[in-house]
Amino acid sequence: MTAQVSTARPAPPLAARRPPRRTRAWLHRLDLKGSPYLYIAPFFVLFGAFGLFPLVYTAWVSMHDWNLLSDDHPFVGLRNYTELFVDPYFWNALGNTASILVLSTVPQLVMALGLAALLNSRLRGQTFFRLGLLLPNVTSVVAVAVIFSQLFGRDFGLINWILRTLHLGTVDWQSGTASSQIAIAVMIVWRWTGYNALIYLAAMQAVPTELYESATLDGASPLQQLRKITIPSIRPTIIFTVLVSTIYGMQVFAEPQLFGGGGPDGVTGGKDRQFQTLTLYLYEHGFNRFEFGYASAIAWVMFAVIVIAAAVNYLVIRRIRSAS
């Protein structure tokens with residue numbers, strides 16, 4: 001037997017298998033500059049698919065007579081917008097939305113600031129109270145609306161029972177404009193006050209304690225410390241909560257819809273539309289009448305109103321800050 005001689009070439013050294021230095025440098029630069037974009041690409045893909053595309057498509061639909069019960073969707077230009085601006089129901093919904101926004105946002109943020117200041121002081125069981133503040137926010141909005149609808153019931157509601165006990169008469173909370181909006185505002189206040197209070201509390205805990213110690217030595221009361229130290233120190237957080245509350249208040253939907261019973265009165269905001277908001281008005285035309293072109297125009301006008309309201313709030317708060 002003869003030994004077989006291997007004819008395979010030996011493997012080249014590791015350095016010979018590497019790409020040229022210029023290629024490696026180019027790959028390195030590509031990795032440094034391209035990797036960050038690759039990491040954030042999923043967000044932009046999802047945003048484009050579920051955010052940007054529906055936004056642009058809604059603008060296109062708003063310029064058509066788009067009814068789901070019809071196969072033809074003729075182009076009408078800005079006719080949906082012109083009809084919207086002369087519709088008294090639209091202006092009624094806008095006024096109701098603004099009224100509920102003021103009735104719910106102002107007391108909510110003032111109460112949240114007070115609760116946060118209280119929890120920021122030396123208090124036993126702080127963790128328990130903080131969890132208690134968060135419970136209304138994690139409660140289902142349907143459960144909140146059902147409970148408060150019972151509390152504000154005309155015949156057997158707890159609020160009217162207290163009023164009768166005090167010989168103050170009763171109130172048909174759902175039928176009146178002011179009474180229904182107050183009831184809805186109370187629901188919103190109860191649900192979101194604790195959430196904003198925790199945001200304020202987190203900001204307050206970042207304020208240096210030396211400022212409070214110096215103020216205490218100078219004889220400043222807790223209320224003076226709140227006005228002179230706490231509020232100026234957490235002003236950016238206050239601006240944030242005002243803007244977020246404004247945006248949410250302009251889009252309020254579940255509370256008035258469920259307060260009306262979830263039926264026709266829930267969509268129209270009562271028999272006289274006394275608490276119909278912009279979102280209920282949009283829902284009525286889009287999902288009850290299937291007028292998607294008109295509903296899309298309402299959506300874009302809502303978007304413009306929210307941007308204007310947020311910008312006005314920001315400018316007013318900024319003016320107050322610069323003046324102080």
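What share of the 324 residues in the chain is buried? Buried residues make up 35% of them. The model is a predicted one, and every value below was computed from it. The chain is built with 15 helices and 0 strands. Of the contacts in the chain with a separation of 6 or more, 66% join residues that are 24 or more positions apart.

One example of two positions that are far apart in sequence involves helix α3, which spans residues 79-85. E83 lies in this helix and is partly exposed, with a relative accessible area of 38%. E83 and A297 are separated by 214 residues in sequence, but their C-alpha atoms are 9.8 Å apart in space.

Helix α10 covers residues 222-233, and its buried residues are Q225, L226, I229 and T230. Why do these residues lie on the same side of α10? They cover an arc of only 125° around the axis, and therefore they share one side of the helix. The face turned away from that buried side carries the exposed residues L223 and K228. The cover over the buried residues of α10 includes α4 (88-120), α8 and α9 (209-217).

One of these covering helices, α9, can be followed in more detail. The axes of α9 and α10 come within 11 Å and cross at roughly 150°. The crossing in which α9 passes α10 is right-handed. On the α9 side the contact is made by L211, Y212, A215 and T216, and on the α10 side by Q225, I229 and T230. Q225, I229 and T230 are thus named twice, as buried residues of α10 and as its contacts with α9.

Helix α4, which also helps to cover α10, packs against α11 as well. The axes of α4 and α11 are 9 Å apart, and the helices pack at an angle of about 145°. Their crossing is right-handed. From α4, the residues L94, T97, L101, T105, Q108 and L109 take part in the contact, and they meet T241, V242, S245, T246, G249 and M250 in α11.

Helix α6 (residues 141-151) also has a buried side. Its buried residues are V141, V144, A145 and F148. They sit on the same side of α6 because they cover an arc of only 95° around the axis. What covers them includes α8 and α12 (254-259). Helix α8 is therefore part of the cover for α6 and also for α10.

The loops contain buried residues too, and Q274 is one of them. Q274 is found in the loop between α13 (264-268) and α14 (278-288). With a relative accessibility of 6%, Q274 counts as buried, since the cut-off for that term is under 20%. Leaving aside neighbours within four places in sequence, Q274 is in contact with N96, Q174, S175, G176, T177, S180, Q181 and G269.

The aromatic residues remain. The structure holds 20 aromatic pairs. One of them is formed by F43 and F44, with ring centres 5.2 Å apart and planes at 75°, so the pair is edge-to-face. F43 is exposed, at a relative accessible area of 53%. F44 has a relative accessibility of 48% and counts as partly exposed, because the exposed class begins over 50%.

A second pair joins W192 and Y248, and the arrangement is tilted, with 5.1 Å from centre to centre and 55° between the planes. This pair links distant parts of the chain: W192 is in helix α8 (residues 177-204) and Y248 is in helix α11 (residues 235-250), 56 residues apart. Is W192 buried or exposed? W192 is buried, with a relative accessible area of 18%. Y248, at 26%, counts as partly exposed.

Aromatic residues also gather in a group. F85, F90, W91, Y281 and Y294 form one aromatic cluster. Another ring, that of Y89, has R273 lying over its face, at 4.0 Å from the ring centre.

Note on methods: Residues numbered from 1 in each chain as written. Predicted model: local features only at pLDDT ≥ 70, side-chain atom pairs only at ≥ 80, totals over all residues. Heavy atoms only, no water. Phe/Tyr/Trp six-rings, centres within 6.5 Å; stacked < 30°, edge-to-face > 60°. Buried < 20%, exposed > 50% of the residue type's maximum accessible area, 1.4 Å probe, protein only. Helix = DSSP H or I, 4+ residues; strand = E, 2+ residues; numbered from the N terminus. Lys NZ or Arg CZ within 6 Å of the ring centre and 35° of its normal. Arc of directions from axis to C-beta. Contact = heavy atoms within 4.5 Å. Axes fitted to C-alpha atoms, helices over the stretch in contact; angles between N-to-C directions. Left-handed = near helix turned anticlockwise from the far one by under 90°.
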